[in-house]
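Open the model in a viewer and keep the sequence panel visible. The stops below say what to select next and what is there.

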Amino acid sequence: MAEICENEMHEEKHNNELNELMKDMEGWRAALLRLNGVIDWDRPYHPLVLLAPITIIFLLVWYFEPSFLTTVALLGMSISLIDFLVPLLSSMYGPETWTVVQEQQFEQICERIMNVRDHLTNVKTTLVGLKVEKPKYFAVTMGIMAFFAWFGSLVNNLILTYLIVGFVVLYPGLRRHQILEKYIQGIVVVLKRMFFGKPKAKKS
């Protein structure tokens, strides 16, 4: 009984947070529907649409070599401009009618945003818990981070950042089309053959 009540309270809290997020993102809903289709690769050319602006931005940064403070200021200005213009343009050029299907899609997008937020929160909670309860695992985590720091010192920062940003942007589409799973399965098969050899055929 207590477990049922706890589940109901959790579901109610989740629904309240979802409704609050949908209310906050209402001005973005038309743009989010279009952006969601691009991120999920609804068309074959959508990966190029995602990578093109990122590539142009990184080429500009590479060419002009702005200082860190200038980069942060320009990034803040761009985010503020987008936050101002997108709701304005959505209200002017968005669909005149908002259908039930579009509302369901908008709700799913907000669910995805909440899932990303929850995953980041869980990672933070896990790391804090490892530090307190299992120092050995926390030490391993710090060792992994130190390895990444060392690897980052060997690669150009701009190139490494470009690769990370590109992967993050392409990840939803890679996951939806199960491209990562195919490559990972192929790598696992190759590693098994390298370390364990080819599986022996069963004698009839």
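Begin at C110, which counts as buried at 0% relative accessibility; buried means under 20% relative accessible area, exposed over 50%, and partly exposed in between (1.4 Å probe, protein chains only). C110 has its place in helix α5. Helices (H or I, at least four residues) and strands (E, at least two) are DSSP runs, numbered from the N terminus. This is a predicted model, in which local features need pLDDT of at least 70 and side-chain atom pairs count only at pLDDT 80 or more, while totals for chains, interfaces and linings use all residues. Residues are numbered from 1 along each chain as its sequence is written, and side-chain values use heavy atoms, with hydrogens and water left out.

Stay on C110 and show its surroundings. Leaving aside neighbours within four places in sequence, C110 is in contact with L18, L21 and M22, where contact means heavy atoms within 4.5 Å. Add L32: its C-alpha atom is separated from that of C110 by 9.4 Å, and the two residues are 78 apart along the chain.

**The largest core**

Which residues make up the largest nonpolar core? Select L18, L21, M22, M25, L32, L33, F106, I109, C110 and M114, 10 residues in all. A nonpolar core is a set of buried Ala, Val, Leu, Ile, Met, Phe, Trp, Tyr and Cys residues joined through side-chain atoms within 4.5 Å. Helices α1 (2–24), α2 and α5 (100–133) each supply at least two residues of this core, and the largest share, 4 residues, comes from α5.

Now pick L33 within this set. Not counting residues up to four places away in sequence, L33 touches W98, Q102, Q105, F106 and I109. Apart from this core lies another, of 5 residues, among them V38, W41, L170 and L174. Then colour α2: A30, L32, L33, G37 and V38 are buried there.

**The loop after α2**

Select D40, found in the loop between α2 (29–39) and α3 (46–64). Is D40 buried or exposed? D40 is buried, with a relative accessible area of 11%. The side chains of D40 and R112 are joined by a polar contact of 3.0 Å. Such a contact is a pair of N or O atoms within 3.5 Å; within protein, one must be able to donate a hydrogen and the other to accept it, and residues adjacent in sequence count only if both atoms are side-chain atoms. Beyond the neighbours within four places in sequence, the contacts of D40 are R112, P172, G173, R176 and H177.

Move on to W41, which lies in the loop between α2 and α3. W41 counts as buried at 13% relative accessibility. Although W41 is not a glycine, its phi is positive, about 60°. For a second such residue, go to Q178, which has a positive phi of about 60° and is not a glycine either. Q178 sits in the loop between α7 (157–176) and α8 (179–196) and is partly exposed, with a relative accessible area of 49%.

**The aromatic rings**

Show the side chains of Phe, Tyr and Trp. The structure holds 6 aromatic pairs. Rings of Phe, Tyr and Trp (its six-membered ring) pair if their centres lie within 6.5 Å; planes under 30 degrees apart count as stacked, over 60 as edge-to-face and the rest as tilted. Y63 and F64 form an edge-to-face pair, 5.1 Å centre to centre with 90° between the planes. Y63 counts as exposed at 61% relative accessibility, and F64 counts as exposed at 57%.

Next select W98 and F106, whose ring centres are 6.4 Å apart with planes at 80°, so this pair is edge-to-face. W98 is partly exposed at 21% relative accessibility, whereas F106 is buried at 2%. Add R29, whose charged end sits over the ring of W98, 4.1 Å from the ring centre. A charge sits over a ring if NZ of Lys or CZ of Arg is within 6 Å of the ring centre and within 35 degrees of the ring normal. Finish this stop with F147, F148 and W150, which form one aromatic cluster.

**The whole chain**

Zoom out to the full protein chain, whose secondary structure comes to 8 helices and 0 strands. Of its 204 residues, 14% count as buried. Among contacts in the chain with a separation of 6 or more, 75% are between residues 24 or more positions apart.
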